[in-house]
Amino acid sequence: MKKVTNVFWISIVLVLLAVGYGAFAPDNFAEVTGNIEGFLTTSFGWYYLLIVSVMVLFCLFFLISPMGQIRLGKDNDKPEFSFGTWIAMLFSAGMGIGLVFWGAAEPLSHFAIDPATAEPGTAEAFKESMRFTFFHWGIHAWAIYAVVALPLAYFQFRKGEPGLISATLKPIFGDKMNGPWGILVDVVAVFATAVGVATTLGFGTIQINEGLAFLFDGIPGDNFTVQLIIIAVVTVLFMISAWSGLSKGIKYLSNTNMVLAIALLVLVLILGPTLLILNMFTESVGGYFQNLIQMSFRSAPVNGENRAWIDGWTIFYWAWWISWAPFVGIFIAAFQKGGRSANSYLGY
């Protein structure tokens, strides 16, 4: 308990310092963080590509090996949620509002404004836009989450360890994870989560603000006051759902999200162009799997323009998913009890 308290207060101080810096010196904060982002993507983009690909291979190994049959819990534990609810909670935790917005905005941007390699507005850009959107929101993103969620669920439900990132490193570092080194690991995880959540909340708030401004004439777009109100409402809703627990508020919200997502899908198919949507979906899925290896390791070392696109999209996404992984991983692990290791991502 003392360790958790220390992690909490240290993380709070770091987050407040970051927020204070951004609030009182926003221009300088934007410049510094932009420079850090540019340095990381330019100097370590290759590392992001390699490490995320290794995560995919790691998950594939667990999926096809006997280790994938290890139950995330005691041998007689059973899943606490139905398969449909489990899928809904995964969808809501892993993607949520980001997918609703970028699932449409990203392919449009790749097609009309900034394609990866093709000319804007061409048929090749059309196909390429969908392929890269599937790539950014597909297997690699879920592999990042799985690498965090699986060990957390294993150590928490099968070994009786606390649900902390540091607990998953005990087989490597031993009792060091009970002391300052463990606190450091957990503080870094919490701070990274705060940064990831802030990014997503910022994107989502802007999206909601612009959507309300489009629907209602009296609501201004890109307005700080409106966005502050949206953040306050979202925060209260999050606190209520978290306070009510997994089996109540979060479960019902996740199921509602899934119903709304399916309704939106059906509406889009009905309004059309249905045949084009179905044909393009089939073509894009095939192109995604056909080019998966090439896209996974594409770094464009001798093409500055293509490299800038990779830094701004693929590397950004991989960093975004990694920053979200502690938060989403802990959340996913919480409702994995009774599932079978990597195979719990395909069923029970």
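**Exercise 1. The second largest pocket**

Which residues lie nearest the centre of the second largest pocket, and how many residues line it? Describe the lining as well, helix by helix and by residue type.

*Solution.* Keep in mind that this is a predicted model.

- Step 1: Start at the centre. V147, V148, P151, T168 and L169 lie nearest to it, and the lining has 32 residues.
- Step 2: Add the volume, which is about 840 Å³ for the second largest pocket.
- Step 3: Look for the helices that take part. At least two lining residues come from each of α2, α6 (139-158), α7 (170-173), α8 (180-215) and α13 (304-334).
- Step 4: Find the main contributor. Helix α6 supplies eight residues, the largest share of the lining.
- Step 5: Sort the lining by type. There are 29 nonpolar residues, three polar ones and no charged ones.

**Exercise 2. A nonpolar patch on the surface**

Find the residues that make the nonpolar surface patch, and work out which helix gives the most to it.

*Solution.*

- Step 1: Mark the members on the structure. They are Y21, V32, I36, F39, L40, F44, W46, Y47, L50, I293 and F297, and together they make a patch of about 1100 Å².
- Step 2: Compare the members with the helix boundaries. Helix α2 (residues 26-64) gives the most, with eight residues.
- Step 3: Take one member as a check. V32 is found in helix α2, and its relative accessibility of 31% makes it partly exposed. Patch residues need over 30% relative accessible area, so V32, at 31%, passes that cut-off.
- Step 4: Set another residue of the same helix beside it. S53 also has its place in α2, but S53 counts as buried because its relative accessibility is 6%.

**Exercise 3. Salt bridges**

How many salt bridges does a search of the whole structure find? Go through the pairs and say whether their residues are buried or partly exposed.

*Solution.*

- Step 1: Count them. The search finds three salt bridges.
- Step 2: Begin in helix α5 (residues 123-137), where K127 and E124 both lie, three residues apart, about one turn of the helix. Their side chains meet at 4.0 Å, N to O. K127 is partly exposed at 30% relative accessibility, and E124 is partly exposed at 37%.
- Step 3: Move on to E161 and K170, whose closest N and O atoms are 3.0 Å apart. E161 has a relative accessible area of 23%, so it is partly exposed. K170, at 22%, is partly exposed too.
- Step 4: Finish with D311 and R307, which form a salt bridge with their closest N and O atoms 3.0 Å apart. Because they are four residues apart in helix α13, about one helical turn separates them.
- Step 5: Apply the cut-off for this last pair: buried means under 20% relative accessible area. D311 has 12% and is therefore buried. R307 has 16% and is buried as well.

**Exercise 4. An unusual backbone angle**

What is notable about the phi of A300? Place the residue in the structure and decide whether A300 is buried or exposed.

*Solution.*

- Step 1: Recall the general pattern. Most residues other than glycine have a negative phi.
- Step 2: Turn to the residue itself. A300 is not a glycine, yet its phi is positive, at about 45°.
- Step 3: Locate it. A300 sits in the loop between α12 (292-296) and α13.
- Step 4: Check its accessibility. With a relative accessible area of 15%, A300 is buried.

**Exercise 5. Distance along the chain and through space**

How many residues separate W142 and L90 in sequence, and how far apart are they in space? Then do the same for two further pairs.

*Solution.*

- Step 1: Place the two residues. W142 is in helix α6 and is partly exposed, with a relative accessible area of 23%. L90 is found in helix α3 (residues 83-94) and is buried, at 7% relative accessibility.
- Step 2: Give both separations for this pair. W142 and L90 are 52 residues apart in sequence and 9.8 Å apart in space, C-alpha to C-alpha.
- Step 3: Keep L90 and pair it with N223. Here the separation is 133 residues in sequence, and 32 Å from C-alpha to C-alpha.
- Step 4: Return to S53 and pair it with I70. These two are 17 residues apart in sequence, with 23 Å between their C-alpha atoms.

Conventions:
Residues are numbered from 1 along each chain as its sequence is written. This is a predicted model: local features need pLDDT of at least 70, side-chain atom pairs count only at pLDDT 80 or more; totals for chains, interfaces and linings use all residues. Side-chain values use heavy atoms; hydrogens and water are left out. Patches are made of residues with over 30% relative accessible area and no salt bridge: like charges are joined within 9 Å, nonpolar side chains (Val, Leu, Ile, Met, Phe, Trp, Tyr) within 5 Å. Accessible areas come from the Shrake-Rupley method with a 1.4 Å probe; for residues, only the protein chains shown count as cover. Buried means under 20% relative accessible area, exposed over 50%, partly exposed in between (1.4 Å probe, protein chains only). On a 1 Å grid over the protein atoms alone, a cavity is a set of points where a 1.4 Å probe fits but cannot get out, and a pocket is an open set with protein on both sides within 12 Å along at least five of seven lines; lining residues have an atom within 4 Å of a point. Grid points are joined across faces, edges and corners, and a volume is the space filled by probe spheres set on the points. Ala, Val, Leu, Ile, Met, Phe, Trp, Tyr, Cys and Pro count as nonpolar, Asp, Glu, Lys and Arg as charged, and the others, Gly among them, as polar.
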